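Dear colleague,

I am handing over the structure that we talked about, and my notes on how some of its helices pack follow below. Please keep the model open while you read, so that you can find each part as it comes up.

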Amino acid sequence: MRLQNKVAIITGAASGMGKAEALRFASEGAKVIVADLNMEGAEAVVAEIKENNGEALAVKVNVTEQADLENMVKAAMDNYGQIDIVINNAGIFDKYTNSLETTEQQWDLIFDINMKAIYKTTNLVLPNMIERGEGTIVNIASIAGLVAQMGGAAYTASKHAVVGYTKHIAAVYGSKGIKINAIAPGTIRTPLTADMLKTRPTNKIPLDRFGNDYEVADLAVFLASDESKFMNGAVVPIDGGYTIV
Ligand SMILES: NC(=O)c1ccc[n+]([C@@H]2O[C@H](COP(=O)([O-])OP(=O)(O)OC[C@H]3O[C@@H](n4cnc5c(N)ncnc54)[C@H](O)[C@@H]3O)[C@@H](O)[C@H]2O)c1
């Protein structure tokens, strides 16, 4: 098993890619903190993991709340004694809202969830990782963090910020034994995109299809495991080739 005895926190793990990552990480031997606003969904993910003889704990977290993030980290430490992996996955979409139509309130919410929560969570887990001289963080960005029109103004800006922040902390803390990378998914079938994908063509994607949550989970396992130990500050697109054409 590729993540045997590792402890992983995954935010937004009640649904979509976060859920697929939680199930996959547990099947690779990780003990998983399934962190989400949606406690019913999180409990269902934990139940599925336990049915398959894995280990996981559901924690109710609004990633915009500092106290919730502190509780999430405490839950991992109290129950499992360490934190080896953090997958900053929770995120919301702005439905392609252009700048002129984006209210300041919408802008702040997108940034609070998609970006600021990653900075806050990172600052909570980094000191212990530095002390131990090991640990890995994977931030779920988007191809909207690489190109212009895969989201609206706030979403695109927030995901570009995730890419920049990932590179910054990878440069600063890489020498402490920690590796920090980002995944840039293209269009992936999840509850977030289910409605949009009913009418969207796939012909701009060289592989001519949308991605699946379990394919992103496979990449997350690789980036969280020692198999990627010379990768730091990488932003890895998983998009069927969308960003190369
Ligand atoms: N689906 C795609 O095509 C796609 C593409 C690129 C990037 N992404 C990114 O991948 C990540 C996961 O997306 P998904 O498609 O699986 O979405 P999803 O909507 O299926 O799941 C997101 C999860 O995050 C949780 N969440 C939302 N706000 C939260 C908050 N404030 N606190 C705690 N949990 C919260 C939700 O409850 C949900 O369980 C997001 O960061 C998204 O921006 C998605």
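**Two helix pairs in a predicted model**

In this predicted model, helix α1 (residues 16–27) and helix α7 (residues 213–224) have axes that come within 8 Å and cross at roughly 55°. That angle makes α1 oblique to α7, and the crossing in which α1 passes α7 is right-handed. On the α1 side the contact is made by Gly16, Met17, Ala20, Glu21, Arg24 and Phe25, while α7 brings residues including Tyr214, Val216, Ala217 and Val221. Sorted by class, the residues of this contact are 9 nonpolar, 1 polar and 4 charged.

Looking at α1 by itself, you will find 12 residues that reach 17 Å from the first C-alpha to the last, which is close to the 16 Å expected at 1.5 Å a residue. Its buried residues are Gly16, Met17, Gly18, Ala20, Glu21, Ala22, Phe25 and Ala26. Just after α1, Gly29 takes a positive phi of about 100°.

The second pair is helix α4 (residues 104–132) and helix α5 (residues 153–173), which pack at an angle of about 15° with their axes 8 Å apart, and α4 and α5 are therefore roughly parallel to each other. Here α4 passes α5 in a right-handed crossing. Among the residues that meet are Trp107, Phe111, Ile118 and Leu126 in α4 and Tyr155, Val162, Tyr165 and Ile169 in α5. By class, this contact of α4 with α5 holds 17 nonpolar, 4 polar and 1 charged residues.

With best wishes

Technical notes: Residues are numbered from 1 along each chain as its sequence is written. This is a predicted model: local features need pLDDT of at least 70, side-chain atom pairs count only at pLDDT 80 or more; totals for chains, interfaces and linings use all residues. Side-chain values use heavy atoms; hydrogens and water are left out. Axes are lines fitted to C-alpha atoms, for helices over the stretch in contact, and angles run from 0 to 180 degrees between N-to-C directions. Helices (H or I, at least four residues) and strands (E, at least two) are DSSP runs, numbered from the N terminus. Angles under 35 degrees count as roughly parallel, over 145 as roughly antiparallel, 65 to 115 as roughly perpendicular and the rest as oblique. A crossing is left-handed if the near helix is turned anticlockwise from the far one by less than a right angle, and right-handed if clockwise. Contact means heavy atoms within 4.5 Å. Ala, Val, Leu, Ile, Met, Phe, Trp, Tyr, Cys and Pro count as nonpolar, Asp, Glu, Lys and Arg as charged, and the others, Gly among them, as polar. The expected span of a helix is 1.5 Å times one less than its number of residues. Buried means under 20% relative accessible area, exposed over 50%, partly exposed in between (1.4 Å probe, protein chains only).
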